[in-house]
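Please open the structure in your viewer and keep the selection tool at hand. The tour below goes from one selection to the next and says what is to be found at each stop.

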Amino acid sequence: MDILKKSFKKSIWVFHLSTAACNNCDIEVLELLTPRYDVERFGIKLVGSPRHADALLVCGSVNAHAKPRLLEVYRQTPKPCLVVAFGSCGCSSGIFRDSYSIVGPVDKVLKEEDPDAKIVYIPGCPPKPEAMIEGIIKGLEAI
Amino acid sequence: MSKKKNEEVMKDLKKKLKNKIIDIVQPREKRIYIRVEPEKAPGVVEYLFSKYKCKFCTATGIDMREGIEIIYHLAKEDKNMIINVKTLVPYSNLEIDSIGKKILAFRWIEREINEMLGVKFRGHPDMRRLLLADSFPKGKYPLRKSFKHSDVTDEDYDYERSGI
């Protein structure tokens, strides 16, 4: 476990996945990368493939169309990986909860595939950038 | 001045569509409602679109409990008017002729009404789903009044069809 901690310490690579989000969270993620918060100084970096990622950042209330895609991306991510349920929608499906096309929040969908999935919840619509950094750090402590 | 003109349109339509429509009213200065039988609605809309030089805005479907009411919204731009052609498709026979087979602009909205409310459009060339997920169960129509969220559970979805 020590080697895991050491390797994760300054190199969290994040794959950003949008499962039927309204785009507000996605825009707020960009805020993290811009000079004001600049998470790359902590080694947190967005990558283009889930196969390179240590963490999955999942925005949006998962709908029926996105569910198989989310599970496929989760399968391709090397384990152990951290899943961040991002925003009100990711945590609880938000205001879309009783809509006809929603199959559940991120945790419900992922627990079907892998009951031991490590999930961090960052509520907010959208969450503040400080909350996002805090959430990812807390998640790392859990791994 | 404009009011006079608008009455012209009303009279003109009354004369031209006399034996095709149930009734025609003008509740406001710039709006005309035409009520039509479902068999004759496509003909009336096609006439308004191609001969009467109306522009097609959109079509909407509402569940009126005794049937699905489809409203075609057409804009008569040179007279500054909106013409609504209303037709009630009864639940006993949820079918209407497609306008999309002749006029391209009607195709997508007919697909949407088909998947959301379950009205069958006869002769539509490409009746795939437009907005709903491919895995959504067949024979369930989410915008009907009788639909409840609990009608569709996760087991009903057919993820084989979702393309992954």
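## A first stop in chain A

Begin by selecting Leu56(A): setting aside the residues within four places of it in sequence, Leu56(A) is in contact with Phe15(A), Leu17(A), Pro50(A), Val73(A), Tyr74(A), Thr77(A), Cys81(A), Val83(A) and Val84(A). Bear in mind throughout that this is a predicted model, with an ipTM of 0.72 and a pTM of 0.80.

Widen the selection to the core around this residue. The largest nonpolar core has 41 residues, and Leu56(A) is listed there with Leu57(A), Val58(A), Val84(A) and Ala85(A) as those with the most contacts inside it. A second, separate core has 27 residues, among them Ile32(B), Val85(B), Ile96(B) and Ile113(B); some of these names will return when the tour reaches chain B.

## The sheet of chain A

Now show chain A as a cartoon and look for its open sheet, in which five strands follow one another in the order β2-β1-β3-β5-β7 with parallel pairing. At the edges are β2 (45-46) and β7 (118-122) of chain A, each of which pairs on one side only.

Next, select residues 55-59 and 82-86 of chain A, which are the strands β3 and β5; they run parallel and are joined by five bridges. Within this pair, Leu57(A) is found opposite Val84(A) of β5(A), and both of these residues are on the list of those with the most contacts inside the largest nonpolar core.

Then add residues 24-33 of chain A, helix α2, which packs on the sheet and touches β1 (13-18), β2, β3 and β5 of chain A, while its direction makes about 140° with that of β3(A). Helix α5 of chain A, residues 106-113, lies across β3, β5 and β7 of that chain and runs at about 150° to β5(A).

## Where the chains meet

Select the residues of each chain that touch the other: the contact takes 10 residues from chain A and 12 from chain B. On the chain B side, these residues divide into eight nonpolar, three polar and one charged.

## Chain B as a whole

Show chain B alone, and count three helices and seven strands, which follow the pattern α-β-β-α-β-β-β-β-α-β when read along the sequence. Its C-alpha atoms fill a box of roughly 60 × 30 × 25 Å along the principal axes, and 24% of its 164 residues count as buried. Colouring by confidence is useful here, as chain B averages a pLDDT of 87 and 96% of its residues score at least 70. Among the contacts of chain B with a separation of 6 or more, 49% are between residues 24 or more positions apart.

## The sheet of chain B

Five strands of chain B form an open sheet in the order β1-β2-β5-β4-β3, with mixed pairing. The edges are β1 (21-28) and β3 (55-63) of chain B, and each has a single partner strand, so one side of each is left without a neighbour in the sheet. From one strand to the next, the twist averages 20°.

Select residues 31-36 and 81-90 of chain B to see β2 and β5 pair in the parallel sense over six bridges. Here Ile32(B), one of the residues of the second core, stands opposite Ile83(B) in β5(B). Helix α2 of chain B, residues 41-51, lies across β1, β2, β3, β4 (67-76) and β5 of the chain, running at about 165° to β5(B).

## Last stop: helix α3 of chain B

Helix α3(B) lies across β3 and β4 of chain B and runs at about 5° to β3(B). Its buried residues are Ile109(B), Glu110(B), Ile113(B), Asn114(B), Glu115(B), Met116(B) and Leu117(B), and these pack against β3, β4 and β7 (120-122) of chain B.

Why does Glu115(B) count as buried? Glu115(B) has 21 C-beta neighbours inside 10 Å, and a residue is buried if 20 or more lie within that distance. Not counting residues up to four places away in sequence, Glu115(B) touches Arg129(B), Leu130(B), Leu131(B) and Leu132(B). Finish at Gly118(B), just after α3(B), which takes a positive phi of about 80°.

Conventions. Residues numbered from 1 in each chain as written. Chains lettered and ligands numbered in written order. Predicted model: local features only at pLDDT ≥ 70, side-chain atom pairs only at ≥ 80, totals over all residues. Core = buried A, V, L, I, M, F, W, Y, C linked by C-beta atoms within 7 Å. Buried ≥ 20, exposed ≤ 12 C-beta atoms within 10 Å, placed from the backbone. Contact = placed C-beta atoms within 7 Å. Pairing = 2+ DSSP bridges. Helix = DSSP H or I, 4+ residues; strand = E, 2+ residues; numbered from the N terminus. Axes fitted to C-alpha atoms, helices over the stretch in contact; angles between N-to-C directions. Nonpolar A, V, L, I, M, F, W, Y, C, P; charged D, E, K, R; others polar. pLDDT = per-residue confidence, 0-100.
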